[in-house]
Amino acid sequence: MSEPAAQATSALATRNAEREGGARFRRPSLRAMGLAPGKLARLKRLLYAHGPGGGTLLVLPIDQGLEHGPVDFFANPDSLDPSYQYQLARDGRFSAIALHIGLAEKYFHEYAGEVPLILKLNGKTAIPPDAQAFSPLTGTVEDAVRLGADAVGYTVYVGSPAQDRDFRQLLDVRQDADRFGLPLVVWAYPRGEAIAKKGGREGLYAIDYAARVALELGADVVKVNYPVASEKDSESPPPYNALRLGPMAAFRKVVESAGRTLVLVSGGEKISDPELLAKVRSSMDAGATGIIFGRNMWQRPREEALRLTREIHAIFREYAQPA
Amino acid sequence: MSEPAAQATSALATRNAEREGGARFRRPSLRAMGLAPGKLARLKRLLYAHGPGGGTLLVLPIDQGLEHGPVDFFANPDSLDPSYQYQLARDGRFSAIALHIGLAEKYFHEYAGEVPLILKLNGKTAIPPDAQAFSPLTGTVEDAVRLGADAVGYTVYVGSPAQDRDFRQLLDVRQDADRFGLPLVVWAYPRGEAIAKKGGREGLYAIDYAARVALELGADVVKVNYPVASEKDSESPPPYNALRLGPMAAFRKVVESAGRTLVLVSGGEKISDPELLAKVRSSMDAGATGIIFGRNMWQRPREEALRLTREIHAIFREYAQPA
Amino acid sequence: MSEPAAQATSALATRNAEREGGARFRRPSLRAMGLAPGKLARLKRLLYAHGPGGGTLLVLPIDQGLEHGPVDFFANPDSLDPSYQYQLARDGRFSAIALHIGLAEKYFHEYAGEVPLILKLNGKTAIPPDAQAFSPLTGTVEDAVRLGADAVGYTVYVGSPAQDRDFRQLLDVRQDADRFGLPLVVWAYPRGEAIAKKGGREGLYAIDYAARVALELGADVVKVNYPVASEKDSESPPPYNALRLGPMAAFRKVVESAGRTLVLVSGGEKISDPELLAKVRSSMDAGATGIIFGRNMWQRPREEALRLTREIHAIFREYAQPA
Amino acid sequence: MSEPAAQATSALATRNAEREGGARFRRPSLRAMGLAPGKLARLKRLLYAHGPGGGTLLVLPIDQGLEHGPVDFFANPDSLDPSYQYQLARDGRFSAIALHIGLAEKYFHEYAGEVPLILKLNGKTAIPPDAQAFSPLTGTVEDAVRLGADAVGYTVYVGSPAQDRDFRQLLDVRQDADRFGLPLVVWAYPRGEAIAKKGGREGLYAIDYAARVALELGADVVKVNYPVASEKDSESPPPYNALRLGPMAAFRKVVESAGRTLVLVSGGEKISDPELLAKVRSSMDAGATGIIFGRNMWQRPREEALRLTREIHAIFREYAQPA
Amino acid sequence: MSEPAAQATSALATRNAEREGGARFRRPSLRAMGLAPGKLARLKRLLYAHGPGGGTLLVLPIDQGLEHGPVDFFANPDSLDPSYQYQLARDGRFSAIALHIGLAEKYFHEYAGEVPLILKLNGKTAIPPDAQAFSPLTGTVEDAVRLGADAVGYTVYVGSPAQDRDFRQLLDVRQDADRFGLPLVVWAYPRGEAIAKKGGREGLYAIDYAARVALELGADVVKVNYPVASEKDSESPPPYNALRLGPMAAFRKVVESAGRTLVLVSGGEKISDPELLAKVRSSMDAGATGIIFGRNMWQRPREEALRLTREIHAIFREYAQPA
């Protein structure tokens with residue numbers, strides 16, 4: 001480990017230890033976030049009035065039909081019908097369901113008032129190559145207002161060659177969200193060949209940077225992946241290339257870079273129950289506000305998913321925090 | 001057949017068998033679609049007040065003059081005059097005729113009130129290469145309102161390198177359609193070299209994905225081609241590459257992926273009468289809402305086309321379903 | 001000749017013979033075109049109140065200074081001064097003069113009320129290569145309204161790689177023309193390397209397609225070149241590659257593809273008097289509404305041009321037709 | 001000299017001789033230009049109420065700091081301060097000073113009412129390559145109105161591969177200028193590799209075409225360079241490649257191509273006093289309305305520039321012409 | 001040294017010596033800048049009512065999280081939390097803090113009224129290559145007004161191949177700033193391969209040009225880097241390639257090119273205390289209005305930074321100047 005990296009690693013460890021006594025970290029409070037009334041009202045609804053409550057977020061996304069195609073639904077054929085996810089979100093008492101305009105317009109009316117809605121505003125298919133990753137708009141903040149959604153979602157590809165257009169598009173969404181008082185949830189994904197050469201999209205450098213970008217550009221909530229240590233880290237810019245942080249310290253670093261933007265941890269591909277619950281707990285310890293699990297929920301048999309949800313609720317209760 | 005593919009194939013077969021007793025599948029009801037009043041009023045007009053009725057759709061498209069050029073009219077020289085198709089739509093009691101602004105402005109006034117109009121809002125010629133397939137707008141939802149159309153049509157090229165622009169353009173059309181209460185019919189065509197490498201544009205993977213994209217992006221009706229099994233399927237992403245579904249099971253899969261978006265089956269190139277009628281019946285069995293046959297209608301001699309239309313009407317009556 | 005081509009050739013010949021008894025073809029009537037009041041009033045002015053009248057159009061274009069540069073004026077140095085063309089249009093009783101904003105703003109005021117104006121709304125220079133042919137806007141429909149023009153002109157390059165942008169731009173113009181009630185005259189030119197590989201820009205395939213595109217996209221009048229049979233026709237898509245149509249049959253085909261869009265024949269480079277008059281007569285026989293001759297007029301000595309104009313007037317009187 | 005070129009050369013010579021008796025040519029009158037009241041009022045102010053008057057224009061441009069960088073100011077270090085040029089324009093009684101928004105907002109307030117302002121609305125730096133020459137907007141017509149400018153300036157690169165965008169941008173400026181009644185001065189510069197292959201940017205073909213483009217696109221005044229005969233002329237399109245015109249005949253040709261658009265002659269790089277005064281006189285003889293000299297003015301010592309200006313005033317008085 | 005370069009070098013030296021007697025240069029006064037009332041009120045607040053006052057500016061930027069990523073915060077882990085910089089700006093009595101929308105919306109509410117805000121309106125990440133350097137908008141002037149900011153910041157990459165888009169985007173920002181009366185601070189950075197071939201981004205040619213561009217395009221304040229003499233200067237265009245100016249003479253040249261646009265000197269990477277204070281003093285001597293130091297402030301331990309700030313305040317008091 002290089003000198004500066006060793007110092008940085010140690011400094012991070014020391015601060016974490018000193019500040020928090022090895023225990024869990026507090027999430028930003030809604031009060032500290034300086035939210036306008038509309039955003040505050042809606043975020044309170046998501047964080048306290050629905051789902052596990054206590055200031056936590058448990059989100060069920062169902063945008064994979066667009067992002068990956070119907071291929072993701074083979075593992076659980078019932079999940080091809082969007083009603084399945086709506087019912088799972090309702091019965092599992094999720095804080096919100098996140099999906100695109102079509103699934104909102106055609107299905108939400110049956111669950112309105114029971115499941116809060118995060119309307120995803122941009123997306124793309126997995127068919128063309130990802131080199132210039134960019135997700136065009138599929139809906140607008142006005143659509144979200146009209147449908148009674150409680151937040152909007154936007155995917156930004158940090159580091160993509162199309163980053164210019166992406167930031168510009170995000171600006172418009174962010175301004176409309178400010179105008180209408182809707183919380184803005186940003187899916188912050190590192191992408192593109194430049195990031196591939198700097199440790200890859202799963203490395204700490206990439207995810208840490210993405211979290212900060214979300215904060216800088218005005219996200220109220222950011223969804224990030226859990227950083228994965230790998231050999232490719234050595235290609236990250238210093239001192240990241242020589243940091244030796246454990247998984248939770250690395251994730252804590254990301255949470256800190258996000259500042260007063262609340263952090264949601266992504267589920268990613270399906271993992272085992274114990275792995276999943278451990279991921280939930282360590283994320284919350286590190287200061288996450290909640291999790292967003294899609295395939296890990298609806299690719300499981302319904303009863304299994306509901307049971308898992310109850311366990312997550314139980315864990316989240318330990319992390320309850322006043323508004 | 002790979003293990004997961006075999007399971008998927010079997011799961012689909014079992015569900016279909018269990019749920020429906022081997023019989024036909026029901027189409028989504030207008031009620032379930034959660035439509036706003038304007039869309040509901042106009043879709044009811046198309047599905048129940050004109051054409052075969054009973055919740056079915058029989059659409060005559062005449063956009064080939066733009067998409068293919070006058071070349072398609074040589075088979076039946078009378079068909080070069082758009083009045084021919086208008087009269088065929090009227091005399092054959094089609095649910096609607098679908099065409100571009102020029103044919104609407106110059107001819108529809110003679111058939112207004114007799115033949116409902118679906119105004120196609122984008123298109124292109126067959127002259128430049130298709131590699132970056134994208135259809136620019138040729139009309140707007142406001143044009144459709146002004147002309148008294150009952151729906152608008154939009155062609156999206158799923159998987160095209162120009163997909164970004166396409167989704168963005170579709171967003172604007174979809175929003176205007178929501179604003180004015182016009183049903184949105186999406187021609188969902190897989191296109192581009194990426195799809196060519198993943199089983200081709202006629203494979204189940206491509207068409208299944210395209211149907212889902214239409215649902216996700218807010219289509220009320222989607223026009224798809226019937227998937228065609230071929231050797232190229234082996235290049236599709238798993239488990240599609242190893243699925244062994246018969247034609248109707250494959251099409252049923254597509255209908256399910258479209259969810260509460262009504263499905264229209266495309267006619268494509270001219271086929272024989274028995275083939276055509278078999279295609280109609282199996283499509284309806286699989287849950288389609290109707291068919292959209294152009295060259296298969298107006299490339300036939302007029303009397304032959306009208307006779308065929310009557311046979312389709314008769315078949316559709318078997319599939320009548322309340323609103 | 002291939003079997004289908006032979007059939008197509010014969011079918012066209014038979015229909016023409018049967019329908020019209022070998023005599024001239026009728027042009028679309030203004031009534032059949034279903035025009036809104038503003039367009040109707042202005043087209044009547046052009047077709048009946050000015051110029052040769054009787055439903056014909058004789059248009060003098062002077063956009064070559066932009067499209068080709070001042071080079072076209074060397075043949076008749078007086079023609080460099082736009083006053084020359086205005087006076088020719090007035091003294092030769094043309095139905096209208098067609099030109100760009102600059103020549104309209106600086107000269108039309110002296111001829112207003114005497115010579116109707118078609119304001120050309122897009123154009124380009126001949127300097128950069130033509131591979132991505134596209135003419136940006138140089139004026140708007142609002143300019144035309146402000147100046148008291150009776151129609152607007154737009155050049156679309158059918159088949160150009162820039163066709164996307166072109167169609168989109170034309171959409172805006174067409175909508176404004178609908179909004180303000182100004183007739184839309186479309187210069188429909190096949191262009192680009194794709195058309196070069198399909199028989200070239202002067203072949204029947206290209207011109208026939210271009211005429212149909214103008215109809216489909218909402219032109220009220222389309223200017224086309226006369227198709228020229230050549231060896232390159234063999235590279236056209238079937239059955240065009242094997243059709244054996246005489247010049248007038250070929251042009252009649254184009255007129256039919258244009259449907260209820262009135263057809264203007266382009267003059268092109270300067271030709272001899274007898275050739276010109278023969279072209280006029282055969283165009284009118286085939287159903288054209290008129291001609292648009294520029295260099296063939298103002299590259300001639302003034303008196304010669306005026307004499308020729310009188311002869312065209314005389315021919316047009318034979319083709320007079322009620323509104 | 002080729003036959004057609006010889007004829008063209010001779011025709012131009014004869015017309016010039018016949019029409020004007022070898023004497024100077026008249027400029028277009030404001031009356032003939034058909035100007036709207038706002039443009040007329042402002043052009044009269046520039047042509048008659050300020051500067052040399054009598055219908056002439058003497059313009060001092062100071063856009064070189066943007067177009068070339070501060071490098072142009074080394075020759076006369078005082079000229080780096082924009083106050084220098086403002087004072088020179090005032091003390092030398094120029095008709096107007098032409099510059100960009102920053103120099104207008106920060107300095108014009110001290111000279112308002114004393115020196116008329118032409119606000120340049122687009123520009124670029126000399127740093128990136130010129131192959132796709134295009135000058136983006138730096139200000140708008142509304143800025144000009146707000147600041148009390150009497151005209152706006154726009155640079156168009158005729159023949160550049162970016163010509164499409166340029167014409168479109170010019171359209172917007174031209175329309176706003178029409179809307180607010182501000183005269184439009186167009187800097188018409190041939191640019192790009194296509195023009196380099198057709199005799200170069202300084203050849204008669206290029207400049208003659210550029211002048212005509214300005215007229216066609218609606219310029220009220222056009223700034224052109226004086227054409228320079230060279231060996232490269234042989235690469236111009238015929239008959240330009242073989243014309244043998246003297247400098248003044250060539251420039252007269254350009255003035256004629258500009259029609260009723262007034263012509264300003266560009267100064268270009270610094271030249272000697274006698275050369276400069278000869279250029280002024282021959283330009284006016286050929287029908288120019290005035291000159292626009294920048295470096296030739298402010299790269300000279302102040303007193304020398306003022307003396308030269310007085311000499312130009314004296315020459316211009318010989319060319320006075322009523323409005 | 002070439003003849004013209006020697007003359008230029010000498011001329012600059014002489015003028016500086018003559019005019020100012022070797023002493024410091026005066027900054028432009030707010031009065032001379034001709035500011036509209038809103039800009040004047042806000043600039044006075046920044047220059048006189050907050051921070052060191054007396055017409056000077058001491059700005060703390062914290063946009064590095066976006067521009068460089070969280071990497072810059074390792075040197076001082078506390079600085080990862082934006083509250084750190086806000087407190088430093090408040091406690092060190094900076095004239096303003098400069099940052100992006102996210103840090104403004106989430107943190108400024110706690111310091112409003114204590115620390116003036118410069119809202120940065122565009123930015124990018126360091127991940128994709130810099131060859132086409134362009135910073136898309138991340139906020140708007142309206143955001144700045146809504147948040148109570150006292151100025152807006154914009155980064156323009158002078159010489160970048162994307163300069164076209166950049167100038168156009170800056171135009172919109174500049175116009176909104178004029179409309180709402182917010183001072184416009186321009187970060188003027190030379191970028192792109194063309195500048196790399198002309199002496200590089202740190203050379204006098206590049207920085208001098210960039211300063212002038214800011215003036216020409218309407219900046220009220222420009223942030224520039226201190227030019228660095230190097231071997232690459234020999235590749236600059238003449239006479240820059242042969243100038244032999246000392247550091248302060250070079251910087252004075254830049255200040256003069258900026259005219260009535262106030263100049264802020266950039267801190268750049270962290271340097272030692274004596275170096276930093278010498279840089280401050282020589283900048284002010286050369287006519288700078290102030291400095292903008294980020295990493296040089298918050299990468300230092302807090303107390304050290306505050307002590308340094310007090311020393312800068314003391315220096316600035318020597319340069320106080322009435323409004």
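**Reading the interface of chain E and chain A**

Tutor: Let's start at the axis of this predicted model: among the residues of chain E, E:R165 has the C-alpha that comes closest to the rotation axis, at 10 Å.

Student: Good starting point! By what turn and what shift along the axis can chain E be laid on chain A?

Tutor: To read such a relation, look at the turn, the shift and the fit together. Here a turn of 72° with a shift of 0.0 Å along the axis lays chain E on chain A with an RMSD of 0.0 Å. That is the relation of a five-fold axis.

Student: How many residues does each chain bring to the contact, and how much area do the two bury?

Tutor: Chain E gives 40 residues and chain A gives 44 residues. Between them they bury about 3300 Å², with 59% of it on carbon and sulfur atoms. On the chain E side, E:F74, E:K106 and E:I127 lose the most area to chain A, together 24% of what that side buries.

Student: And how many salt bridges cross the interface of chain E and chain A?

Tutor: The rule finds six. One of them pairs A:R260 with E:E110, whose closest N and O atoms are 3.2 Å apart. Counting polar contacts between the two chains gives 22 residue pairs.

Student: Which helix of chain E supplies the largest share of the side that touches chain A?

Tutor: That is helix 5, with six residues. Helix 3 (64-67), helix 4 (82-91), helix 5 (101-107) and helix 6 (141-147) each supply at least two residues of that side. By residue type, the side of chain E that touches chain A divides into 19 nonpolar, 12 polar and nine charged.

Conventions: Residues are numbered from 1 along each chain as its sequence is written. Chains are lettered from A and ligands numbered from 1 in the order in which they are written. This is a predicted model: local features need pLDDT of at least 70, side-chain atom pairs count only at pLDDT 80 or more; totals for chains, interfaces and linings use all residues. Side-chain values use heavy atoms; hydrogens and water are left out. Copies are superposed by least squares on the C-alpha atoms of residues with pLDDT of at least 70 in both. Contact means heavy atoms within 4.5 Å. Buried area is the accessible area (1.4 Å probe) that two parts lose on being put together, summed over both. A salt bridge is a side-chain nitrogen of Lys or Arg within 4 Å of a carboxyl oxygen of Asp or Glu. A polar contact is a pair of N or O atoms within 3.5 Å; within protein, one must be able to donate a hydrogen and the other to accept it, and residues adjacent in sequence count only if both atoms are side-chain atoms. Helices (H or I, at least four residues) and strands (E, at least two) are DSSP runs, numbered from the N terminus. Ala, Val, Leu, Ile, Met, Phe, Trp, Tyr, Cys and Pro count as nonpolar, Asp, Glu, Lys and Arg as charged, and the others, Gly among them, as polar.
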